[in-house]
Every structure is written in structure tokens, then in C-alpha cells.
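Work through the exercises below with the structure in view. Try each task before reading its solution.

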Amino acid sequence: MSRIIIFTGKGGVGKTSVAAAHAVKAAKDGLKTLIVSTDMAHNLSDLFMRELNEEPKEVLENLDGLEIDPNYEMNSNYKNISVAFKELIPDLDNEDSDALEDIVVFPGIEELFSLIKIKDLYEKNIYDLIIVDCAPTGETLSLLKFPELLSWYMEKLFPVGKVALKVLRPIGKVAFKIDLPDKKALSDIERLYINLAQLQKLLKNQEICSIRIVTIPEKMVVEETKRSYMYLNLYNFNVDGIYINRIIPSEVNNNFFDTWKQIQKKYIEELDDVFFGIPTYKIKWYDSDVNGVQGLEKVIKDSFGDRKIFDVLKTTENETFKKVDQGYLLDLYIPFIDKSNFDLYQSDTEVIIKIGNFKRNIPMPDVIRKYSIDSAKLENERLKIIFK
């Protein structure tokens with residue numbers, strides 16, 4: 001069974017270099033490896049000092065590189081959906097049509113095709129390991145939650161919409177001078193829905209996919225790292241590694257760096273403490289840019305000697321429904337949660353949890369839907385919801 005490892009972190013912490021170092025090590029260890037960038041500000045071409053594009057290209061023996069262009073993926077595989085959206089807006093001239101390219105689909109859907117591309121490559125079983133260099137954490141969280149969110153909307157709306165479109169399509173053409181989605185577009189939508197379900201299952205399979213967070217020992221970055229870890233657990237993703245990058249080496253003897261060393265020591269200790277039990281790797285700050293395979297090999301030699309680094313390093317039971325004496329229990333692992341910025345409520349079929357700007361709809365098993373939330377409490381970073 002091949003593996004997927006997704007690297008993310010706040011912008012500027014060096015996640016691309018960390019991800020690329022893993023890819024080079026894997027290739028040199030004999031694993032057929034693909035490194036993929038989903039970040040629109042692609043850095044892999046610069047890092048490996050060769051042009052990469054929307055199809056895998058060999059970087060070195062056993063290692064291919066790919067910089068995904070979501071527009072290319074969408075137009076190659078789901079063009080009928082965007083065409084259908086354009087046809088909903090009549091009487092466009094060429095200039096208006098070009099301007100509409102960026103708004104014919106709702107925000108986030110284009111980036112979604114990056115994940116679908118990764119799923120497709122995984123299913124082809126060409127690679128032993130796929131390493132994903134994701135965008136900065138805020139964008140990554142939006143991207144990773146999007147398949148579940150869009151799938152939820154499609155599940156709610158598509159069965160009704162499909163019937164309605166059959167009825168309204170002839171009327172819309174005559175009365176409103178617009179073309180509603182045709183059979184080709186509906187077929188693409190159905191295929192997208194199936195891919196979304198498969199993508200969710202793949203990303204949340206803890207034996208296959210894990211997420212690793214790259215950080216640096218600075219206050220703002222440490223706080224964002226904790227928030228990212230909380231949100232990733234909320235959406236039931238498995239985080240199995242923390243990478244503390246750009247640590248000033250102890251052998252540096254320069255008074256200018258003494259204060260920085262003390263600051264870094266404080267935040268390294270905090271990271272070690274709050275992420276106790278999660279494998280943590282420490283990477284020193286190099287006095288020159290980490291570029292090319294030779295530069296990455298220095299990082300590998302200093303920090304990534306363990307062959308088991310490509311295994312699933314830790315699994316966390318993030319979300320379970322179970323029968324208990326009081327009724328039924330939904331047990332969720334949500335570390336670092338702020339009670340003042342938290343909301344919980346129940347619909348007919350779901351539990352809805354909102355933390356800050358992030359919301360998750362968790363479908364309830366059929367057996368629980370006749371029950372209501374009786375109590376909810378936070379206990380040792382776990383949210384325990386009782387249904388009676």
C-alpha cells in the first residue's frame with residue numbers, strides 16, 4: 001500500500017524544503033516517489049532548479065515532480081461544468097466572457113481539482129510515496145475541508161436539482177434565454193460527487209494519509225501551529241509529525257544570536273510540551289540557502305536519518321460514536337479549543353460544531369437521529385457529547 005504525506009505550515013517556515021528533503025531521501029532509499037505542489041506560488045521548480053509543470057516530470061532517479069495547475073485539471077476533466085455556468089449568464093461578448101473565467105465557479109472549487117489529481121495518481125499505483133507540499137495553513141485548511149463541505153451540499157441539493165433541471169431546462173431556454181446544465185454537465189457533476197466521496201475516504205484513511213506541520217520557534221508561528229492542529233483534528237485528519245525548522249545551532253558563538261537562542265529555546269520547549277507524544281523533528285538554520293539536491297541532502301543527513309520516517313508515525317482516534325450507559329456518546333479530540341469561541345448545535349441528521357470561522361457538519365448514524373443532545377463537556381482535550 002502506497003503512502004500520502006501532506007506537509008503544511010505558516011508561510012515562510014520552510015515547508016517546501018522539508019517536504020522536498022523527504023522526497024529526495026525516499027527516492028535514494030529506493031521508493032518510487034512523487035512530490036506534488038498544490039501551492040499556486042510554486043517553489044519546487046526553483047528548489048530543484050528545473051522546470052516542472054502540470055504533468056509528472058523526472059527530477060532524479062526514483063523521484064518525479066509535479067506542480068499542479070488546478071485550471072488545467074478542471075478544463076481537462078470537468079470542462080462541461082464551467083461551460084454550464086457560463087451559459088447561465090446570457091449575452092456575453094468576448095471581453096465579458098474572458099472576465100467571467102474567474103467567477104463561473106464558486107471559490108475553492110478550482111483548488112479542489114489539485115486534490116482530485118493526487119487521488120487519481122494514487123489510484124494508478126505508480127508511486128510508493130506521494131509527498132504533497134501544500135499552501136500555507138489557512139489555505140490548506142480551507143482546501144482539506146472543501147471536499148467534505150462540497151460533498152455535503154451536493155448530497156443535499158443534487159438529487160432535487162437533477163429532477164428540477166429536467167423540468168426547467170426547456171422552460172429556461174424559452175422564457176429566460178438561458179441554458180441550464182445539460183446531460184454532459186450533469187454527468188460531470190455526478191462524477192465529481194463520486195470523486196469527492198472517494199477523496200474524503202482517502203484523505204481520512206489513517207493507514208494511508210497523514211499530515212505533518214512545519215513550524216519555527218517564534219510566538220506567532222507557534223500559536224498558529226496550535227490552531228492548525230486543532231482544526232485538522234476537528235475535521236478528523238491524522239497529524240503524525242511536527243517539524244521545528246530554522247533552529248539556531250548551539251555552536252554559533254555570536255552575541256547577536258544569544259537573545260534569539262533564548263527565545264527559540266522557550267518556544268521549542270513549549271512545542272515539545274504541547275505536542276508531547278507526537279513525533280517531533282528539529283532542523284537547524286543553515287547559513288546558506290537550501291537549494292538543489294545537494295542542499296537537501298544536508299538536511300537529510302542532519303535531521304532525517306530514520307527510515308521509518310515514511311511510516312505512519314502516530315494515529316489519533318479523533319472521532320467516535322459509541323453506545324454508553326447514558327445513551328450514545330460522540331467523542332471528539334479537539335486540542336487547544338477556546339470555549340469562548342465555540343458553538344454546538346444539532347439538526348435532524350447532523351451535529352454542527354463551529355470554532356471561530358470553521359464549521360463542521362458531522363452526520364449522525366441513523367440509530368442516533370431520534371435522540372437529542374443531553375450534555376456536552378470538554379475533558380482532557382476531548383469533547384464528549386451525550387445523546388439521550
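**Exercise 1.** Which residue follows α9, and what is the sign of its phi?

Solution. The model is predicted. Go to the end of helix α9, which covers residues 219–234. The helix is followed by Asn-236. The phi of Asn-236 is positive, near 70 degrees.

**Exercise 2.** Check the span of α9 against its number of residues.

Solution. Step one: α9 has 16 residues. Step two: the expected span is 1.5 Å times one less than the number of residues, which gives 22 Å for α9. Step three: the end C-alpha atoms of α9 are 23 Å apart, so the two values agree.

**Exercise 3.** Is α9 mostly covered or mostly uncovered?

Solution. A residue counts as buried under 20% relative accessible area. In α9, twelve of the 16 residues are buried, so the helix is mostly covered. Among them are Val-221, Glu-224, Lys-226, Tyr-229 and Leu-234. For the whole chain of 388 residues, 49% count as buried.

**Exercise 4.** How many disulfides does the structure hold, and why is Cys-209 not bonded to Cys-134?

Solution. The structure holds zero disulfides. Step one: for Cys-134, the nearest cysteine sulfur is that of Cys-209, 9.3 Å away. Step two: a disulfide needs the sulfur atoms within 2.5 Å. Step three: the sulfur of Cys-209 is therefore too far from that of Cys-134 for a bond. As for cover, Cys-134 is buried at 1% relative accessibility, and Cys-209 is buried with a relative accessible area of 1%.

**Exercise 5.** How many helices and strands are in the chain?

Solution. Count each kind along the chain: there are eleven helices and 15 strands.

Key: Residues are numbered from 1 along each chain as its sequence is written. This is a predicted model: local features need pLDDT of at least 70, side-chain atom pairs count only at pLDDT 80 or more; totals for chains, interfaces and linings use all residues. Side-chain values use heavy atoms; hydrogens and water are left out. Buried means under 20% relative accessible area, exposed over 50%, partly exposed in between (1.4 Å probe, protein chains only). Helices (H or I, at least four residues) and strands (E, at least two) are DSSP runs, numbered from the N terminus.
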